Amino acid sequence: MAFTSYDFLLFFLIIFTLHWSFPKRRWQNLLLLAGSYYFYGWVQAWYAVMLGASTLADFFLARGIALRPNRKRLFVALSLALNLGVLAFFKYYNFFSDDVISLLNSMGFNTNPLLVQIALPAGLSFFTLKKLGYMMDTSRGALKPTHTLVDFALYVSFFPQLIAGPIERPQKLLPQIEAPRIWKADLFHKAWPLIVMGFFKKLVIANSIQVTVDRAFGFAEPSGFLVLSASLGYTLQILADFSAYTDLSRGVSYLLGFETSENFRQPYLSLTPTDFWNRWHITLSTWLRDYVFFPVRRALLRFKLNEKLAISIPPLVTMFISGVWHGAGLNFVVWGLYYGVLIAAYQLIGIRGDWKPNSKLKLFFAWLLMFSLIAFGWGMFRAPSLAWFVNVMFNSPFAPSHNEFILGIITLTMALVYSLPLAAKHLLDRYAPEGWMQAAYHAAAVTLLIIYVNSASSDFIYFQF
Amino acid sequence: MRLFLKFSLILTIILIAASVILPPAYRWTFPRSPGPTLDRQMRTNHLKYIEENQPRIVLIGDSTLVLGIDASALAEETGKPAYSIGIPGSASALWYLLIKNNIADASFKPDHVVVVFRDTILTAPGYRVHGSYFALLDEYAKRNEPVLIEKSFVNLMNPLELMAEKYSPLYVSRSELRKEIDTGIRYFAPALFGCDKNCTDYALGELFEGADMEPGALVEAVGAAESLLYTSEQLDFESQVDRSLLPDMIEIAKTNDINLVFVRIKVKSGVENSPELDRYLVSLQAYLKERSVPLLDFGNDPRLTDDLFRDSIHFNKKGMELFTQIVAEGLMEISAER
């Protein structure tokens with residue numbers, strides 16, 4: 001059920017009305033839990049069954065840690081095996097299914113491709129990280145596991161975050177689930193601008209530019225110029241699309257009385273790769289930092305490795321895992337490693353994440369370089385395959401045909417035109433957060449929404465991860 | 001609170017301004033009937049062809065027909081002149097219009113009007129009716145097409161859309177306004193480089209309709225477009241049939257002495273053997289049998305192997321040759337039975 005669908009609107013109106021009609025927190029939580037499972041099982045009921053089974057397992061494993069701390073390693077190992085096993089199976093099974101079919105056929109089994117194609121349940125990557133974070137924090141003693149199954153299940157399945165995050169930490173969401181919630185007008189005032197911006201960014205910006213970007217990345221052998229322009233288009237599309245989802249998720253959460261984390265802070269204004277990952281998909285970055293980067297670095301420090309290796313290995317491992325998490329395909333792995341190399345290289349030459357040059361010219365060039373690296377990375381990320389991307393980089397001519405040139409400059413124009421509202425919003429938030437201009441901006445956004453709205457909406461890009 | 005009040009005030013002013021400016025600009029009157037407005041122009045090229053050339057077999061379908069059946073080879077095989085109305089991007093809504101406004105209205109009646117379809121497309125009246133597909137529909141529609149408007153548009157709108165269609169000038173004018181915005185963006189930069197509107201349209205047409213696509217991307221694009229045909233709602237024949245244009249096609253054919261034949265073409269949809277699709281097809285078969293309309297189902301024909309396809313839904317040249325022959329045999333059997 002997409003946030004931009006009529007079905008969701010009806011679903012949410014019912015949940016919202018009932019939620020605030022229930023006087024007791026327990027009933028509110030039960031309703032949200034039932035609603036979340038209904039939301040998740042909307043497309044495939046077995047998704048909800050799988051979510052329920054894995055939630056039950058993690059709840060009892062976490063309780064096991066609390067009751068038998070001396071066996072916590074076993075419980076964590078079991079949880080890791082369960083969660084990563086399920087994630088790996090669904091995420092990478094189809095990637096290898098052709099090989100599986102060939103193998104089965106060579107062994108004399110007549111297999112139908114349909115039988116071995118398994119759909120990745122939406123949101124699996126996101127709630128798996130939520131559960132793993134919960135287990136690891138419990139084992140470290142940083143979190144006391146909840147006694148209430150309903151609260152834990154709601155933490156894992158909370159529908160505004162279920163499909164594409166934010167990957168909320170238990171320390172932030174669980175106390176809100178456990179505390180009484182009372183309706184305040186302030187919740188609405190925080191929610192409505194997020195909801196307007198979410199719809200606007202998805203339906204007006206992301207969906208508009210997607211058409212030419214998809215076409216450019218669909219060519220068998222496009223010119224370098226076309227891929228460059230499409231990469232810039234995709235750079236805008238993925239930000240608009242993914243941040244739209246987060247805005248809607250946060251807006252809906254506010255309406256239910258929850259304050260959830262922001263995921264983006266002007267990522268394309270970053271000056272360094274570390275700075276970028278501190279601003280892009282923040283909840284994933286901090287998850288990877290706390291559960292992968294720091295443990296790897298601590299382990300390396302214990303071995304007293306050479307300093308350059310100690311600086312380089314943690315970002316490489318972390319970003320490799322980030323690449324694998326994003327998708328089954330070599331281009332995702334190389335994209336992750338690309339950022340690992342960039343982060344390590346910047347740090348080796350002494351440029352840290354919070355680096356800011358003194359002169360404006362340096363600042364501009366540092367930004368331009370980082371923005372170019374980001375756009376190049378998105379080109380690799382969006383490419384149909386790594387082989388395709390390598391072929392474009394090294395074999396295809398940069399100069400486009402006449403038709404490709406036209407498509408390229410249209411894509412660039414669209415990227416420019418549709419990025420203006422985002423730039424304007426940034427300036428307004430900074431200089432006039434409450435004034436008439438801000439109000440006029442949102443009114444104009446709603447007007448454009450009415451013009452751009454369709455009965456159908458393409459799925460959010462991050463659903464597939 | 002203040003920000004929301006300011007926002008509401010400005011939005012109200014914009015909506016009132018739109019209600020004053022847009023209706024006269026686009027000649028709308030409110031409240032209006034929901035659904036798109038069709039123009040008075042209607043193409044009758046197929047009607048004229050049928051009257052002049054008197055083909056005994058008329059084929060209707062989309063690009064799968066264009067690349068699936070060779071009309072002249074079919075004519076040779078069956079010994080009956082055949083005429084193919086294969087329109088890429090068409091679907092049941094356009095086929096209904098072709099039967100109603102071009103074939104039924106022709107003074108000559110062919111022996112068979114063969115509708116080539118895939119899987120659930122016959123009961124998907126809202127499939128391929130928006131955007132550029134609507135322009136295609138409008139070409140073959142009369143000024144007044146209540147059945148089409150109701151089944152392909154109004155029935156598929158949610159209550160919010162219905163209300164907006166009736167009362168909101170801004171919403172009703174959205175296609176025109178969107179076109180103006182898109183036109184501004186699309187033609188501005190190419191014009192700076194000396195490429196005018198025609199030149200830009202030609203370039204985009206070549207690129208968007210060309211076949212030079214990366215195989216994976218092609219499969220993905222076709223799959224995404226076709227996925228609407230395989231939702232659980234679409235696969236429920238009983239709930240869809242009366243809302244679809246299938247009963248109307250059959251009714252028009254019966255009233256006008258047209259022998260309809262439905263031919264299900266094979267595709268590699270990925271759900272070929274799903275129980276839901278099987279159930280759908282059993283119901284479709286029973287429905288057509290009850291109304292004495294023949295169905296030639298080649299959807300699971302083992303002779304149509306994977307090497308005969310150029311992508312997941314279109315045959316290659318060899319596939320076209322074989323499929324033409326198979327359809328010809330099927331049609332001859334039907335003729336013999338009659």
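I count two strands as paired if DSSP finds at least two bridges between them, and I keep to that in these entries on a predicted model.

**Entry 1, the sheet of chain B.** I looked up the strand order first and found five strands forming an open sheet in the order S2-S1-S3-S4-S5 of chain B, with parallel pairing. Its edge strands are S2 (82-86) and S5 (295-297) of chain B, each of which pairs on one side only. From one strand to the next I read an average twist of 20 degrees.

**Entry 2, the partners of S3(B).** I then followed the neighbours of strand S3 (residues 112-117) of chain B. Strand S1 (residues 57-61) of chain B pairs with S3(B) in the parallel sense over four bridges, and there B:Val58 has B:Val113 as its bridge partner. With strand S4 (residues 260-264) of chain B, S3(B) pairs over five bridges, again in the parallel sense, and B:Val116 stands opposite B:Val263.

**Entry 3, burial of S3(B).** Is S3(B) enclosed or open to the outside? I took a residue as buried if 20 or more other C-beta atoms lie within 10 Å of its own. Six of the six residues of S3(B) are buried, so the strand is largely enclosed by the rest of the structure. B:His112, B:Val114 and B:Val116 point one way, while B:Val113, B:Val115 and B:Phe117 point the other way.

**Entry 4, beyond S4(B).** S4(B) runs parallel to S5(B), joined by three bridges, and I noted B:Phe262 with B:Leu295 as its bridge partner in S5(B). Helix H16 (residues 317-337) of chain B packs on the sheet and touches S1, S3, S4 and S5 of chain B, its direction making about 145 degrees with that of S4(B).

**Entry 5, the nonpolar cores.** The largest nonpolar core has 106 residues, and those with the most contacts inside it are A:Tyr155, A:Phe200, A:Ile209 and A:Ala216. Helix H11 (residues 224-255) of chain A gives the most to this core, with 17 residues, and the core draws at least three residues from each of domain 1 (6-182) and domain 2 (187-464) of chain A. Apart from this core lies another, of 60 residues, among them B:Ile50, B:Ile85, B:Tyr127 and B:Ala253.

**Entry 6, where the chains meet.** The contact takes 37 residues from chain A and 42 residues from chain B. On the side of chain A that touches chain B, helices H10 (185-218), H18 (402-431) and H19 (436-452) of chain A each supply at least two residues, and H19(A) gives the most, with 11 residues. By class, I found 23 nonpolar, 12 polar and two charged residues on that side of chain A.

Key: Residues numbered from 1 in each chain as written. Chains lettered and ligands numbered in written order. Predicted model: local features only at pLDDT ≥ 70, side-chain atom pairs only at ≥ 80, totals over all residues. Buried ≥ 20, exposed ≤ 12 C-beta atoms within 10 Å, placed from the backbone. Contact = placed C-beta atoms within 7 Å. Nonpolar A, V, L, I, M, F, W, Y, C, P; charged D, E, K, R; others polar. Core = buried A, V, L, I, M, F, W, Y, C linked by C-beta atoms within 7 Å. Domains from an automatic or database assignment. Axes fitted to C-alpha atoms, helices over the stretch in contact; angles between N-to-C directions.
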